[in-house]
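Q: Please take a close look at the surroundings of the ligand in this model. Which side chains make polar contacts with the ligand, and where does the ligand sit?

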Amino acid sequence: MFSYRHAFHAGNHADVLKHTTLIALMKYLTAKDTALSVIDTHAGAGLYRLDGDYTETSGEAREGIFKLLSKEKVPEGQKKRAPFAIKKLASTDVLAPALQDYVDLLRGLNPQFAETGDPAHLKIYPGSPFIEQQFLSGRDKLKLFELHPTDFKSLNGNIEQLGVGRQVTVAREDGFEALKTFLPPPARRAMVLCDPSYEMKSDYARVSACMADAVKRFATGTYVVWYPVIPRPEAHDLPRKLKTLAVKASRSWLNAVLTVKSSKLTTDTDGEVVRPGLPASGMFVINPPHTLKADLQAALPQMVALLGQDRNAGFTLDHGG
Ligand code: SAM
């Protein structure tokens, strides 16, 4: 427990999928004229330094957000040099609106990057709490839960600096359990992000139990779950379980999966087995806004084109209800 630190993964391909989806959701849900409660059950530290030790050591952002931003620099001939058949975006192509919103949000937090457009000046990466907070208006509330002592401290400090008072609250509590006490929300409108580290196998079962309970308590909330796509039975079963619970509760659902590379083990030149790292991840949304499918339909092919690492790269976008 507690060996996971999101700072190692900030800005990776899973964050690109998760945060693009989150931005599209927040944009739609906060456009209405009624209060919204946002609950982030696994908040992380809130802000990450992309030039800090953690991120630089893992290099995951280089295969994620930096590839997305390098779009402006991909020359027309690039696709001819690609060793696999993923069509790169041409430098003249326009980013899908959801991806453009994501880049604009990064610009807002990185003035030098905004000024120069040079990805080398992207130093600060927002986690889900800061993305959610950017969209709130005075009537909305954001509740953040984080168990890791160090990340909780960072999150608390980062949120304090915003000076937004009681609009955003931070608690060092188990997010799965805490969610129960906030549903149904007084505002009668809520979005819940459930983004565990899946460090413990039990997280998979806790996610589906937590979502089933949440839908029972407040059927019309928008529930958003990030999950890894890895060769492990619990991971494979999770989106199926979420779909079953949505269908049983007569709720609409959407499931978006972004794959950037093969999940097969390979061997290096010394014959050592190389694990592929995270090849794919998904976002499962119960009660998605009607606009989300079109937003992702436009954004996912561009994510594949820009972040895909081999010919296994691709996406799926399913929905129902
Ligand atoms: N949602 C964040 C974002 O997108 O920026 C990233 C969250 S990270 C994947 C998962 C976080 O959940 C970690 O910081 C971990 O310490 C925390 N965590 C693990 N178990 C938890 C629990 N039961 N309740 C609350 N936080 C938990």
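A: In this predicted model, a nitrogen atom of the ligand lies 2.7 Å from an N or O atom in the side chain of Asp 195. Oxygen atoms of the ligand take part in contacts as well: one is 2.6 Å from an N or O atom in the side chain of Glu 146, and an oxygen atom of the ligand is 2.8 Å from a polar side-chain atom of His 19. Taken alone, the ligand would expose 600 Å², and the protein buries 98% of that area.

The site that holds the ligand is the largest pocket. Two elements each give two or more residues to the shell around the ligand, namely helix α1, residues 13-29, and helix α9, residues 175-180. In total, 21 residues surround the ligand. His 19, Glu 146 and Asp 195 are among the closest of these, together with Ser 128 and Gly 175. By residue class, the shell comprises 10 polar, six charged and five nonpolar residues.

The chain beyond α9 also merits attention. The loop between α9 and β6, a strand that spans residues 190-194, contains Pro 184. The peptide bond that joins Leu 183 to Pro 184 is cis, with omega near 0°. Arg 188 is located in the loop between α9 and β6 too. The backbone of Arg 188 has phi near 60°, a positive value in a residue other than glycine.

For the wider setting of the site, the charged pairs of the protein may be added. The whole structure contains 16 salt bridges. One of the salt bridges joins the side chains of Asp 151 and Arg 5, with an N to O distance of 2.9 Å. Asp 151 belongs to helix α8, residues 149-160, whereas Arg 5 lies in the segment before α1. This pair therefore links distant parts of the chain, as its two members are 146 residues apart.

Methods: Residues are numbered from 1 along each chain as its sequence is written. This is a predicted model: local features need pLDDT of at least 70, side-chain atom pairs count only at pLDDT 80 or more; totals for chains, interfaces and linings use all residues. Side-chain values use heavy atoms; hydrogens and water are left out. A residue is near a molecule or strand if one of its heavy atoms lies within 4 Å of it. A polar contact is a pair of N or O atoms within 3.5 Å; within protein, one must be able to donate a hydrogen and the other to accept it, and residues adjacent in sequence count only if both atoms are side-chain atoms. Accessible areas come from the Shrake-Rupley method with a 1.4 Å probe; for residues, only the protein chains shown count as cover. On a 1 Å grid over the protein atoms alone, a cavity is a set of points where a 1.4 Å probe fits but cannot get out, and a pocket is an open set with protein on both sides within 12 Å along at least five of seven lines; lining residues have an atom within 4 Å of a point. A molecule sits in a cavity or pocket if more than half of its atoms lie within 2 Å of its grid points. Helices (H or I, at least four residues) and strands (E, at least two) are DSSP runs, numbered from the N terminus. Ala, Val, Leu, Ile, Met, Phe, Trp, Tyr, Cys and Pro count as nonpolar, Asp, Glu, Lys and Arg as charged, and the others, Gly among them, as polar. A salt bridge is a side-chain nitrogen of Lys or Arg within 4 Å of a carboxyl oxygen of Asp or Glu.
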